[in-house]
Amino acid sequence: MRNEMEIIFDAISANEGFARVAVAAFIAHLNPTLEEMADIKTAVSEAVTNSIIHGYENLHGYGRPGGQEESGLRGREEANPGKVRLCCALEKNILHIEVIDSGKGIVDVEQAMEPLYTTKPELERSGMGFAFMEAFMDDLEVESAPGQGTKVRMIKKIGVGGWIEHQC
């Protein structure tokens with residue numbers, strides 16, 4: 001049996017946490033380990049954050065410590081933030097996630113996926129978003145084109161972690 005959900009939300013920083021919790025709730029009935037849950041939530045967080053700050057360049061809430069005045073982002077909160085689409089599907093214990101935006105897209109996907117590469121060093125971005133997604137999920141695909149937005153597909157098999165038997 002296949003189970004699906006789709007959520008569309010504004011591309012603002014406050015919704016990154018919402019996306020994490022929504023996916024966690026969607027898979028909760030599978031009783032994932034804490035490590036599996038943390039991996040999935042981190043990967044979703046990275047994908048959504050990339051859509052917000054890179055896809056739509058909605059930098060409000062992701063600036064330097066001290067807020068928007070210090071980082072020169074005055075007036076950004078008034079901008080149309082765009083939308084992020086989060087789609088999840090479960091087939092038995094395999095989770096499929098897509099995070100989709102209609103933002104500016106990525107010029108060179110291969111370069112963007114290199115660890116430590118960032119287009120926003122002034123925001124103290126580490127350039128590890130795609131590396132984390134790749135490390136925490138079983139499969140990662142990124143489709144993007146300039147002016148066309150970005151689609152991040154991730155797959156995670158739940159329940160494959162080793163169990164340690166405790167003897168009393």
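At what angle do the axes of H1 and H2 cross? They cross at roughly 145°, and the axes come within 9 Å. The crossing is right-handed. This is a predicted model, and the helix pair is a good place to enter it.

Both helices bring a set of side chains to the contact. H1 supplies Glu-16, Ala-19, Arg-20, Val-23, Ala-24 and Ile-27. H2 answers with Met-37, Ile-40, Lys-41, Thr-42, Val-44, Ser-45, Val-48 and Thr-49. The general geometry of a helix helps in reading such lists: an α-helix has 3.6 residues a turn, so residues three or four places apart point the same way.

H1 covers residues 14-27. It lies across E1, E2 and E3 and runs at about 170° to E1. Its buried residues are Asn-15, Glu-16, Ala-19, Ala-22, Val-23, Ala-24, Phe-26 and Ile-27. The cover over these residues includes E1, H2, E2 and E3. H1 therefore counts Glu-16, at under 20% relative accessible area, among its buried residues.

Now turn to the sheet. It is open and has five strands, in the order E1-E2-E3-E5-E4, with antiparallel pairing. Strand E1 (2-10) and strand E4 (139-145) are the edges, each pairing on one side only. Neighbouring strands are turned by 10° against each other on average, direction ignored.

Start from the E1 edge. E1 and E2 run antiparallel and are joined by nine bridges. Here Phe-9 has Val-84 in E2 as its bridge partner. The next pair is E2 (residues 83-91) with E3 (residues 94-101), also antiparallel, over eight bridges. Two of the facing pairs can be picked out. Leu-86 stands opposite Val-99 in E3, and Ala-89 stands opposite His-96 in E3. The hairpin of E2 and E3 has two residues between the strands. In this hairpin Lys-92 takes a positive phi near 55°.

Next, the core. Its largest nonpolar cluster has 36 residues. Val-23, Ile-40, Leu-86, Leu-95, Ile-97 and Met-154 have the most contacts inside it. Helix H2 (residues 34-55) gives the most to this core, with eight residues. In general, nonpolar side chains tend to be buried together in soluble globular proteins.

Ile-40 shows how the parts meet. Leaving out residues up to four places away in sequence, Ile-40 touches Val-23, Ile-27, Leu-95, Ile-97, Met-137, Lys-156 and Ile-158. Val-23 and Ile-27 are on the H1 side of the helix contact, with Ile-40 on the H2 side.

Follow Ile-40 to Met-137. Met-137 is found in the loop between helix H5 (129-136) and E4. Is Met-137 buried or exposed? Met-137 is buried, because its relative accessible area is 4%, under the 20% limit. With the same sequence neighbours set aside, Met-137 touches Asp-39, Ile-40, Ala-43, Ile-97, Met-154, Ile-155 and Lys-156. The C-alpha atoms of Met-137 and Leu-95 are separated by 9.8 Å, and these residues are 42 apart along the chain.

Charged pairs come last. The structure holds 10 salt bridges. As a general point, side chains of opposite charge can pair when their charged atoms come close. On E1, Arg-2 and Glu-4 meet in a salt bridge at 2.5 Å, N to O. Arg-2 is partly exposed, at 45% relative accessibility. Glu-4 is exposed, with a relative accessible area of 53%.

Which parts does the salt bridge between Arg-153 and Glu-98 tie together? The closest N and O atoms of Arg-153 and Glu-98 are 3.1 Å apart. Arg-153 lies in strand E5 (residues 149-157) and Glu-98 in strand E3, so the pair ties together parts that are 55 residues apart in sequence. At 25% relative accessibility, Arg-153 counts as partly exposed.

Arg-153 also meets Glu-141 in a salt bridge, at 3.5 Å, N to O. Glu-141 belongs to strand E4 and Arg-153 to strand E5, 12 residues apart, and the pair links distant parts of the chain. Glu-141 is partly exposed too, with a relative accessible area of 39%. Through shared partners, salt bridges join Glu-98, Glu-141, Glu-143 and Arg-153 into one network.

Definitions and conventions. Residues numbered from 1 in each chain as written. Predicted model: local features only at pLDDT ≥ 70, side-chain atom pairs only at ≥ 80, totals over all residues. Heavy atoms only, no water. Pairing = 2+ DSSP bridges. Helix = DSSP H or I, 4+ residues; strand = E, 2+ residues; numbered from the N terminus. Axes fitted to C-alpha atoms, helices over the stretch in contact; angles between N-to-C directions. Contact = heavy atoms within 4.5 Å. Salt bridge = Lys/Arg side-chain N within 4 Å of Asp/Glu carboxyl O. Buried < 20%, exposed > 50% of the residue type's maximum accessible area, 1.4 Å probe, protein only. Core = buried A, V, L, I, M, F, W, Y, C linked by side-chain atoms within 4.5 Å. Left-handed = near helix turned anticlockwise from the far one by under 90°.
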